[in-house]
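User: Can you walk me through the packing in this one? I want to go over cavities, helix contacts and aromatic pairs.

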Amino acid sequence: MNEKRVKLIQIIAPVGIIILVQHAISIFLSQVAIAYVIFRNMPIDVDELSVKYRDFILSQDFLILLNFISGLICSGIFIFWYIRITAKEKEQESVLENGNSLVSIIATILGTVGIAFCCRFVGVFLINLIVMIFPAWLVSYQSALDSIGLSLTGGGSAPPIIVLYTVLIAPIMEEFGFRGISLKYALKGMPGMWANFLQALLFAIIHGNMLQGTYTFLFGLILGLVVIKTGKLWIAILIHIIFNSISIFLPEFVFMGNSPISSYLILFASMTGIYIGVMSMEKVYTKTAK
């Protein structure tokens with residue numbers, strides 16, 4: 001197998017791992033469900049067993065448990081993999097441009113929070129725009145959210161396990177998988193712009209629906225840019241955690257204006273905020289030569 005093919009496999013591997021782990025956990029939980037139904041309802045005929053089995057695998061509880069367990073396993077795999085590949089090379093360490101650590105801490109906090117909120121504003125704008133063009137996409141997106149106890153208006157009534165998954169496990173899994181592994185391998189074989197584009201595309205594809213995939217692609221580009229500019233994966237993880245937390249705990253905070261003009265002004269301000277945030281953190285963190 002030639003080197004280019006190996007690199008491509010390494011880049012797209014996180015997608016395959018997530019899909020394979022989800023299928024493996026799905027099969028395992030299904031078998032456990034069958035054993036449980038048989039044990040609790042002996043004797044049971046085949047038709048009744050089939051109905052109870054179908055009801056379970058289509059239930060919200062099953063999908064929530066599937067996401068949670070597979071997220072934990074994939075997070076462990078990606079963290080271990082990322083540590084291995086970074087240990088094999090002398091990684092470029094980011095150092096402060098000036099000696100004032102307090103300045104770096106303040107800049108990082110403001111940058112991560114600002115980028116997260118601005119990305120949320122841009123995401124809401126993009127969702128509203130796309131829904132106007134492709135209204136059917138909203139139905140698919142809402143169905144996906146409903147299946148795990150979430151909604152477009154926030155996750156205040158969502159089960160605690162799915163809140164934990166959304167706010168903490170998913171960001172860790174996705175950042176180590178795509179900004180950690182996919183981006184790192186892609187940067188070894190192509191220019192930074194194309195490497196960032198490819199990892200963001202893979203990040204969007206794994207979400208499984210067109211509407212969510214559209215704004216997560218843009219979000220993935222921004223997170224990839226943050227990692228490239230700062231050399232710090234944990235900053236992208238923190239931005240992702242804050243972004244998802246806004247969706248769960250502060251859904252009504254994001255306001256896009258009462259008119260097209262105000263909406264576009266908010267969009268422009270958000271894009272400007274993202275640019276300032278990324279550039280500011282790039283100035284705080286500079287890369288030393290290998």
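Analyst: What follows covers those topics in turn, and the model is a predicted one.

User: Cavities first. How many of 30 Å³ or more are there?

Analyst: The count comes to one cavity of 30 Å³ or more. The volume of the largest cavity is about 50 Å³.

User: Which residues line the largest cavity?

Analyst: The lining consists of Cys119, Val122, Gly123, Tyr215, Leu218, Phe219, Ile222 and Phe243. Two elements, α4 (101–133) and α8 (210–230), give two or more residues each to that lining.

User: Which element gives the largest share of the lining?

Analyst: That is α8, with four residues.

User: And how do the lining residues divide into nonpolar, polar and charged?

Analyst: Seven are nonpolar, one is polar and no residue of the lining is charged.

User: Switching to helix packing. At what angle do α6 and α9 cross?

Analyst: Helix α6 (residues 160–187) and helix α9 (residues 233–249) cross at roughly 150°, and their axes come within 9 Å. The crossing is right-handed.

User: Which residues make the contact?

Analyst: On α6, they include Val163, Val167, Leu168, Pro171, Ile172 and Phe176. From α9 the contact takes in, among them, Leu233, Ile237, His240, Ile241, Ile248 and Phe249. Taken as a whole, the contact of α6 with α9 has twelve nonpolar, five polar and three charged residues.

User: What about α6 and α8, how do their axes cross?

Analyst: The axes of α6 and α8 come within 11 Å and cross at roughly 65°. This crossing is right-handed. Glu175, Arg179, Leu183 and Leu187 of α6 meet Gly220, Leu223, Gly224, Val227 and Ile228 of α8. Of the residues in this contact, five are nonpolar, two polar and two charged.

User: Does α6 use some residues in both contacts, and which?

Analyst: Glu175 and Arg179 of α6 are in the contact with α9, and Glu175 and Arg179 are also in the contact with α8.

User: Last topic. How many aromatic pairs are there?

Analyst: The count is nine aromatic pairs. One pair to look at is Tyr141 with Tyr215: the ring centres are 6.3 Å apart and the planes are at 70°, so the pair is edge-to-face.

User: Which helices do Tyr141 and Tyr215 lie in?

Analyst: Tyr141 lies in helix α5 (residues 135–146) and Tyr215 in helix α8, so the pair ties together parts that are 74 residues apart in sequence. Tyr215 is also one of the residues lining the largest cavity.

Definitions and conventions:
Residues numbered from 1 in each chain as written. Predicted model: local features only at pLDDT ≥ 70, side-chain atom pairs only at ≥ 80, totals over all residues. Heavy atoms only, no water. 1 Å grid on protein atoms, 1.4 Å probe; cavity = no way out; pocket = protein on both sides within 12 Å on 5 of 7 lines; lining within 4 Å. Points joined across faces, edges and corners; volume = space filled by probe spheres on them. Nonpolar A, V, L, I, M, F, W, Y, C, P; charged D, E, K, R; others polar. Axes fitted to C-alpha atoms, helices over the stretch in contact; angles between N-to-C directions. Left-handed = near helix turned anticlockwise from the far one by under 90°. Contact = heavy atoms within 4.5 Å. Phe/Tyr/Trp six-rings, centres within 6.5 Å; stacked < 30°, edge-to-face > 60°.
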